[in-house]
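The following note sets out points for a colleague to check against the coordinates. Please read each one with the structure in view.

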Amino acid sequence: MYTLVRRYIKTGVGFLGVGLLLGLWMMVRRELWQRYPTRYELSAHTHALFVGFVMMMILGVALWLFPRPDKADTRYKPMQAELAYWVLTTGTAGRIASELARAAVPGAWMGWVIIACGALQVCGIGLFFHTMWSRIRPVGSALREAKGERF
């Protein structure tokens, strides 16, 4: 497992920790003080778990397990997978922080920060799959399928 794959997976685990702590914090506030989470807190919690943890794990494992790029492949560029990591991580961390700060920070500009962070998330995931698209191909299974093997 090489460095970028480990970075995706470990960052995903970090976002899992953030999501779990946010969930615990919201539960304690709800059960002990009857303070229900705001929609922004729920959004931050959801993005920490689903985008931060689940998507980062999926992307890291995909980067690790998908077939290596073909020798003639000019589309796959490892630096794009690296850039996708930074764009997605920045967008997700910014989204979590700005959603949590939304209630405390007055002004409509915070909504634009949330939108910008969400756009970074979309761009990061889009860039990753653009980069990986040529690696989604049959390797040995195509030959076995051609011989009639079913699996």
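**Notes on helix packing and aromatic pairs**

1. The model is predicted. Within it, H47 is part of helix 2, which spans residues 39-65. The relative accessible area of H47 is 15%; because buried means under 20%, H47 is classed as buried. Leaving aside residues up to four places away in sequence, H47 is in contact with G52, T92, R95 and Q121.

2. One of these contacts of H47, Q121, belongs to helix 4, where helix 2 is met by Q121, I125, F128, F129 and M132. From helix 2, the residues taking part are H47, V51, M55, L59, A62 and L63. By class, this contact comprises nine nonpolar residues, two polar residues and no charged residues.

3. As to geometry, the axis of helix 2 and that of helix 4 (residues 109-132) come within 12 Å of each other and cross at roughly 15 degrees. Angles under 35 degrees count as roughly parallel, and helix 2 and helix 4 are therefore described as roughly parallel to each other. The crossing of helix 2 and helix 4 is left-handed.

4. The structure contains four aromatic pairs. One of them joins Y8 and Y85 in an edge-to-face arrangement, with 5.2 Å centre to centre and 75 degrees between the planes. This pair links distant parts of the chain, since Y8 lies in helix 1 (residues 3-33) and Y85 in helix 3 (residues 78-101), 77 residues apart. Both Y8 and Y85 are buried.

5. Y85 also pairs with W86: the ring centres are 5.0 Å apart and the planes stand at 80 degrees. Planes over 60 degrees apart count as edge-to-face, so the pair of Y85 and W86 is assigned to that class.

6. Are Y85 and W86 buried or exposed? Y85 has a relative accessible area of 4% and is therefore buried. W86 has a relative accessibility of 44%, so W86 counts as partly exposed.

7. Y8, Y85, W86, F128 and F129 form one aromatic cluster. Two of its members, F128 and F129, also appear among the helix 4 residues that meet helix 2. For the reader following the cluster from the other side, Y8 is placed in helix 1 and Y85 in helix 3.

Conventions: Residues numbered from 1 in each chain as written. Predicted model: local features only at pLDDT ≥ 70, side-chain atom pairs only at ≥ 80, totals over all residues. Heavy atoms only, no water. Buried < 20%, exposed > 50% of the residue type's maximum accessible area, 1.4 Å probe, protein only. Contact = heavy atoms within 4.5 Å. Axes fitted to C-alpha atoms, helices over the stretch in contact; angles between N-to-C directions. Parallel < 35°, antiparallel > 145°, perpendicular 65-115°, else oblique. Left-handed = near helix turned anticlockwise from the far one by under 90°. Nonpolar A, V, L, I, M, F, W, Y, C, P; charged D, E, K, R; others polar. Phe/Tyr/Trp six-rings, centres within 6.5 Å; stacked < 30°, edge-to-face > 60°.
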